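Biologist: I'd like to learn how to read a model like this one. Could you take me through it, feature by feature?

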Amino acid sequence: MASLEDRTLKCTDCGEGFVFTVDEQKFHQEKGYTNEPKRCLKCREVRRNKYSERTRTDVTCDSCGKPTVVPFKPTQNKPVYCDICFAKNKQKETEQV
């Protein structure tokens, strides 16, 4: 393994430089990540918060009839499933291939 050293990268969102530390590089290697981070810590937090505020909609599962919450606004012409029924349907699709 090549010797690692702290490197300064440029954030794709704000354009500021940030340090990609040796410890962070080791973590990336352990996880099998092949790309360097593109965003500084501040921009990563902003992005994470933006996506955690997604729409959540209370619905009734079209398969079992149980109440559930989905991370999108359903359209009227497509069925909506709870996690369990969604997984069952996905498994059936996989078995049919």
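Modeller: Sure, let's begin with helices and strands: they are DSSP runs, H or I of at least four residues for helices and E of at least two for strands, numbered from the N terminus. Here the elements run β-β-α-α-β-β-α from the N terminus on. One caution: this is a predicted model, where local features need pLDDT of at least 70 and side-chain atom pairs count only at pLDDT 80 or more, while totals for chains, interfaces and linings use all residues. Residues are numbered from 1 along each chain as its sequence is written, and side-chain values use heavy atoms, leaving out hydrogens and water.

Biologist: How many helices and strands are in the chain?

Modeller: The chain has 3 helices and 4 strands.

Biologist: And how do I read a pair of aromatic rings?

Modeller: You describe it by the distance of the centres and the angle of the planes. Rings of Phe, Tyr and Trp (its six-membered ring) pair if their centres lie within 6.5 Å; planes under 30 degrees apart are stacked, over 60 edge-to-face, and the rest tilted. That rule gives 1 aromatic pair here. Phe27 and Tyr33 form it, edge-to-face, at 6.3 Å centre to centre with 70° between the planes.

Biologist: Is Cys61 buried or exposed?

Modeller: Buried means under 20% relative accessible area, exposed over 50%, and partly exposed in between (1.4 Å probe, protein chains only). Cys61 has 3%, so this residue is buried. Cys61 sits in the loop between strand E3 (57-60) and strand E4 (67-70). Phe27, at 40%, is partly exposed.
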